[in-house]
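User: Hi! Could you walk me through this protein before I head back to the bench? I'd like to hear about the empty spaces in it.

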Amino acid sequence: MTNVSRDMGRYKTDASKQELTDTLMAYFRVDGFQKSRITDITKMMHISKATFYKHFDSKESVLTLMVDQISKYIGSEIEIPVNASYPDRFQRIFLKSLTIATYEFEPFMADLSVTYPALAEIIDNANKMRRRKIVEVFEAASNAGEFTQQNAELFELEIEFTICRLIDSHFLMQNNLSAKSIEDYYLMKKQQLVVNPSHYPDDWILTNIRNVINSVL
């Protein structure tokens, strides 16, 4: 778990704002935020109430900052070099889909949809935009002969849905699965999608998948 500095001035930078988001999501992804009071949030942030109110008006202002950071991350594709091959782009898209899924556990999104629907809509719109970009990549790769012919929209949605299930510890237990299932699932989808899958190594992405999984399971 990230330890947020007591120096609230650090929240002026994007990196420190992301640190705050990561810290609070470690709690909110499990139980949501409805039951959390300001006292609870200050404990999570490792600050006093007085310091909190110097920088935030309310719990809503914290959530607004979190949603802003989450939506920016969803919309950012800086991890994918412009000159990357299509299979490499698929690997990076898969890894980012996994990371995004760790933010959007159902308790947090359910609370957001009920209590602050406008904030939930920001994340929904960011997801829709990202899905359109991914579909464009899949379709272009199929036209270039590097991906097999697939229904790109259905393929992307299936990956997104399945990843969310495979990082749910209750789902894994109910279906006799382990955390390694997400690695197996990635390899299966790569075999289905990439025309020459053996040409592209998996060591780096499997290592990163394990790192993400270890942080949430």
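**Cavity, pocket and packing**

Analyst: Happy to. With four residues, α5 gives the most to the lining of the largest cavity. Keep in mind that this is a predicted model.

User: Which elements each supply at least two residues of that lining?

Analyst: Those are α5 (86-103), α7 (117-143) and α8 (152-166).

User: And which residues line the largest cavity?

Analyst: The lining is made of F90, I93, F94, S97, I134, F138, E156, I159 and E160. By type, six are nonpolar, one is polar and two are charged.

User: How much space lies in there?

Analyst: About 50 Å³ for the largest cavity. A search of the whole structure turns up one cavity of 30 Å³ or more.

User: OK, on to pockets. What volume does the largest pocket have?

Analyst: The largest pocket comes to about 640 Å³. The elements giving two or more residues to its lining are α1, α5, α6 (106-115), α7, α8 and α9 (169-174).

User: Which of them gives the most?

Analyst: That's α8, which puts six residues into the lining of the largest pocket.

User: How many residues line the pocket, and which lie nearest its centre?

Analyst: There are 27 lining residues, and A101, E104, F105, E106 and C164 lie nearest the centre of the pocket. The lining of the largest pocket splits into 13 nonpolar, four polar and 10 charged residues.

User: Changing topic: at what angle do α10 and α11 pack?

Analyst: Helix α10 and helix α11 (residues 203-216) pack at about 145°, and their axes are 10 Å apart. The crossing of α10 and α11 is right-handed.

User: Which residues make the contact?

Analyst: From α10 you have I182, E183 and Y186, while α11 brings I205, L206, I209, R210 and I213. In this contact of α10 with α11, six residues are nonpolar, none is polar and two are charged.

User: Last thing, confidence. What pLDDT does the protein average?

Analyst: The average is 87, and 90% of the residues score at least 70.

User: Which elements have the lowest and the highest mean pLDDT?

Analyst: Helix α1 (residues 14-31) has the lowest, with a mean of 77, and helix α10 (residues 181-193) has the highest, at 97.

User: Where is the pLDDT below 50?

Analyst: Over residues 1-9. In the model, that stretch has 26 contacts beyond near neighbours in sequence.

User: Back to α1 for a second. What does it have to do with the largest pocket?

Analyst: Helix α1 is one of the elements that give two or more residues to the lining of the largest pocket, and its mean pLDDT is 77.

Definitions and conventions
Residues are numbered from 1 along each chain as its sequence is written. This is a predicted model: local features need pLDDT of at least 70, side-chain atom pairs count only at pLDDT 80 or more; totals for chains, interfaces and linings use all residues. Side-chain values use heavy atoms; hydrogens and water are left out. pLDDT is the predictor's confidence in each residue, from 0 to 100. Contact means heavy atoms within 4.5 Å. On a 1 Å grid over the protein atoms alone, a cavity is a set of points where a 1.4 Å probe fits but cannot get out, and a pocket is an open set with protein on both sides within 12 Å along at least five of seven lines; lining residues have an atom within 4 Å of a point. Grid points are joined across faces, edges and corners, and a volume is the space filled by probe spheres set on the points. Ala, Val, Leu, Ile, Met, Phe, Trp, Tyr, Cys and Pro count as nonpolar, Asp, Glu, Lys and Arg as charged, and the others, Gly among them, as polar. Axes are lines fitted to C-alpha atoms, for helices over the stretch in contact, and angles run from 0 to 180 degrees between N-to-C directions. A crossing is left-handed if the near helix is turned anticlockwise from the far one by less than a right angle, and right-handed if clockwise.
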